[in-house]
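Thanks for making the time this morning. I would like to walk you through one model, and I will keep to what can be read from its atoms.

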Amino acid sequence: MTAPIASDPFHEHDHSHCAAAVLRRAEEQARTEGVRLTPVRRRALEILLESHRAMGAYEVLERLSAEGFGKQPPVAYRALDFLVEQGLAHRVQRLNAYAACLSTQREHSPAFLICRGCEQVAEAETPELRAALEGLAGASGFRTERVTVELLGLCARCTEAGL
């Protein structure tokens, strides 16, 4: 049996450690790159980090609005777009939602394991898959700009529960 993926929400782990590591990376990266991690951007990231699941922009907006950050959709969309641009969050296309990036690397091509039962999302590093896709693209002279791999299914707990 293989070891669980470090950022895999499908196994028991100290979630506060995941969140603290991502927030540290966000702060360091903002300082290094000279970008602003404004209070609304930081709070949007904290909201995404509260659980291992993707959240829609309007769900994030509701939370931001309740905390006094504004009620207009651009508030959430600008914060989420910034987080995606900075590699601190990912857009999960299948769910039309956003998930915090749990990787220590800004540039990477994760695969997302999406449980349709409990709606948790695991971000898995895929160096072998990335190399294969780069080889495929390179062989035809294609320059890849973005790769999104999403697997939809059931986590072990949901499978055991008969979902």
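Let me start with a question: is Glu134 buried, partly exposed or exposed? Before I answer, please keep in mind that this is a predicted model. Glu134 turns out to be partly exposed, with a relative accessible area of 45%, and because that value falls between the 20% and 50% cut-offs, neither of the other two labels applies.

Its partner is Arg130, with which Glu134 forms a salt bridge whose closest N and O atoms are 3.0 Å apart. Both residues sit in helix α5, 4 residues apart, which is about one turn of that helix, and Arg130 is likewise partly exposed, at a relative accessible area of 29%.

Just ahead of that helix, in the loop between β4 (121–124) and α5 (127–139), we find Thr126. Thr126 is buried, at 13% relative accessible area, and, leaving aside residues up to four places away in sequence, Thr126 touches Ser109, Pro110 and Ala111.

Coming back to charged pairs, the count for the model is 9 salt bridges. As a general point, side chains of opposite charge can pair when their charged atoms come close. One of these pairs is Arg42 with Glu27, where the closest N and O atoms are 2.3 Å apart. This pair links distant parts of the chain, since Arg42 belongs to helix α2 (residues 39–49) and Glu27 to helix α1 (residues 15–33), with their positions 15 residues apart. Arg42 is partly exposed at 26% relative accessibility, and Glu27 is partly exposed at 30%. Both residues also belong to a network of salt bridges, which links them with Arg43, Glu46, Glu50, Arg63 and Glu67. For a further pair, look at Glu145 and Arg143, whose closest N and O atoms are 3.4 Å apart in their salt bridge; here both partners are exposed.

Finally, I would like to turn to a helix pair. Helix α3 (residues 57–66) packs with helix α4 (residues 73–85) at an angle of about 110°, their axes lying 9 Å apart, so α3 is roughly perpendicular to α4. The crossing of α3 past α4 is right-handed. On the α3 side the contact is made by Ala57, Tyr58, Val60, Leu61 and Leu64, and on the α4 side by Pro73, Val75, Ala76, Tyr77 and Leu80. Sorted by class, this contact has 10 nonpolar residues, with no polar and no charged ones.

Terms used: Residues numbered from 1 in each chain as written. Predicted model: local features only at pLDDT ≥ 70, side-chain atom pairs only at ≥ 80, totals over all residues. Heavy atoms only, no water. Helix = DSSP H or I, 4+ residues; strand = E, 2+ residues; numbered from the N terminus. Buried < 20%, exposed > 50% of the residue type's maximum accessible area, 1.4 Å probe, protein only. Contact = heavy atoms within 4.5 Å. Salt bridge = Lys/Arg side-chain N within 4 Å of Asp/Glu carboxyl O. Axes fitted to C-alpha atoms, helices over the stretch in contact; angles between N-to-C directions. Parallel < 35°, antiparallel > 145°, perpendicular 65-115°, else oblique. Left-handed = near helix turned anticlockwise from the far one by under 90°. Nonpolar A, V, L, I, M, F, W, Y, C, P; charged D, E, K, R; others polar.
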